[in-house]
Amino acid sequence: MNKKKSKTEEPKSRVPRKYKYEFSRMLIDHMAQGLSFSSFSAIADVNRDTLYEWLKKYPEFKEARDIGYSKGLLFWEKAGIELVMGMKGSARVWEINMYNRFKEEWKAVVKEQVS
């Protein structure tokens with residue numbers, strides 16, 4: 001008794017996931033590993049536009065993004081320290097990553113060095 005889906009019935013996998021309060025903690029943990037805000041869309045199983053809508057609609061999610069941003073910065077700064085201390089890695093790749101992820105902070109650092 002196979003029940004055929006009607007052509008108008010949307011498959012469950014395409015229905016956007018609703019916001020869950022626990023996404024805030026999950027986002028902080030995600031970004032603390034050096035991962036981006038945008039890539040959290042894969043964890044929440046939504047598109048990136050949905051994440052930006054959640055920022056507007058849920059203050060705790062916006063706060064989590066801001067905290068996650070700082071934790072991500074910490075993660076990548078520690079990676080830079082390891083490079084300076086002689087661990088494996090490419091300083092140039094790290095520098096490009098820092099500039100692209102943390103433009104405002106990185107521009108300030110570069111400006112201070114030039115002055």
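Helices (H or I, at least four residues) and strands (E, at least two) are DSSP runs, numbered from the N terminus. This is a predicted model, in which local features need pLDDT of at least 70, side-chain atom pairs count only at pLDDT 80 or more, and totals for chains, interfaces and linings use all residues. Residues are numbered from 1 along each chain as its sequence is written, and side-chain values use heavy atoms, with hydrogens and water left out.

**Exercise 1. The chain as a whole**

Find how many helices and strands the chain has, and what share of its residues count as buried.

Solution.
- Step 1. The chain has six helices and zero strands.
- Step 2. Its elements read α-α-α-α-α-α from the N terminus on.
- Step 3. Buried means under 20% relative accessible area; exposed is over 50%, and partly exposed lies in between (1.4 Å probe, protein chains only). Of the 115 residues, 25% count as buried.
- Step 4. Contact means heavy atoms within 4.5 Å. Take the contacts between residues at least 6 apart in sequence: 51% of them join residues at least 24 apart.

**Exercise 2. α1 against α4**

Determine how α1 is oriented to α4, and which residues make the contact.

Solution.
- Step 1. Axes are lines fitted to C-alpha atoms, for helices over the stretch in contact, and angles run from 0 to 180 degrees between N-to-C directions. The axes of α1 (residues 23-32) and α4 come within 7 Å and cross at roughly 15 degrees.
- Step 2. Angles under 35 degrees count as roughly parallel, over 145 as roughly antiparallel, 65 to 115 as roughly perpendicular and the rest as oblique. Therefore α1 is roughly parallel to α4.
- Step 3. α1 contributes F23, S24, L27, I28, M31 and A32. α4 contributes E60, F61, A64, R65, I67, G68, Y69, K71, G72 and F75.
- Step 4. Sort these residues by type. Ala, Val, Leu, Ile, Met, Phe, Trp, Tyr, Cys and Pro count as nonpolar, Asp, Glu, Lys and Arg as charged, and the others, Gly among them, as polar. The α1 and α4 contact splits into ten nonpolar, three polar and three charged residues.
- Step 5. Add the handedness. A crossing is left-handed if the near helix is turned anticlockwise from the far one by less than a right angle, and right-handed if clockwise. α1 passes α4 in a right-handed crossing.

**Exercise 3. α3 against α4**

Work out the orientation of α3 to α4 and the make-up of their contact.

Solution.
- Step 1. The axes of α3 (residues 48-57) and α4 (residues 59-84) come within 5 Å and cross at roughly 115 degrees.
- Step 2. The two helices are therefore roughly perpendicular to each other.
- Step 3. The crossing of α3 past α4 is left-handed.
- Step 4. From α3, L51, W54, L55 and K57 meet P59, F61, K62 and R65 of α4.
- Step 5. The residues of this contact are five nonpolar, no polar and three charged.

**Exercise 4. α4 against α5**

State the angle at which α4 and α5 pack, and list the residues that make the contact.

Solution.
- Step 1. The angle is about 165 degrees, with the axes 10 Å apart.
- Step 2. So α4 is roughly antiparallel to α5.
- Step 3. α4 and α5 cross in a left-handed sense.
- Step 4. Y69, L73, W76, E77, A79, G80 and L83 of α4 meet A91, W94, N97, M98 and R101 of α5.
- Step 5. Eight of these residues are nonpolar, two polar and two charged.

**Exercise 5. Individual residues**

Decide whether G72, W106, N97 and S41 are buried or exposed, and name some of their partners.

Solution.
- Step 1. G72 sits in α4. G72 has a relative accessible area of 5%, so G72 is buried. Beyond its neighbours within four places in sequence, G72 is in contact with M31, A32 and F102.
- Step 2. W106 belongs to α6 (residues 103-114). At 14% relative accessible area, W106 is buried. Not counting residues up to four places away, W106 touches W94, E95, M98 and Y99. The C-alpha atoms of W106 and E95 are 9.1 Å apart.
- Step 3. N97 is in α5 (residues 91-101). Its relative accessibility is 18%, so N97 counts as buried.
- Step 4. S41 is in α2. S41 is buried as well, at 12% relative accessible area. Outside the residues up to four places away, S41 touches V46, N47, R48 and L51.
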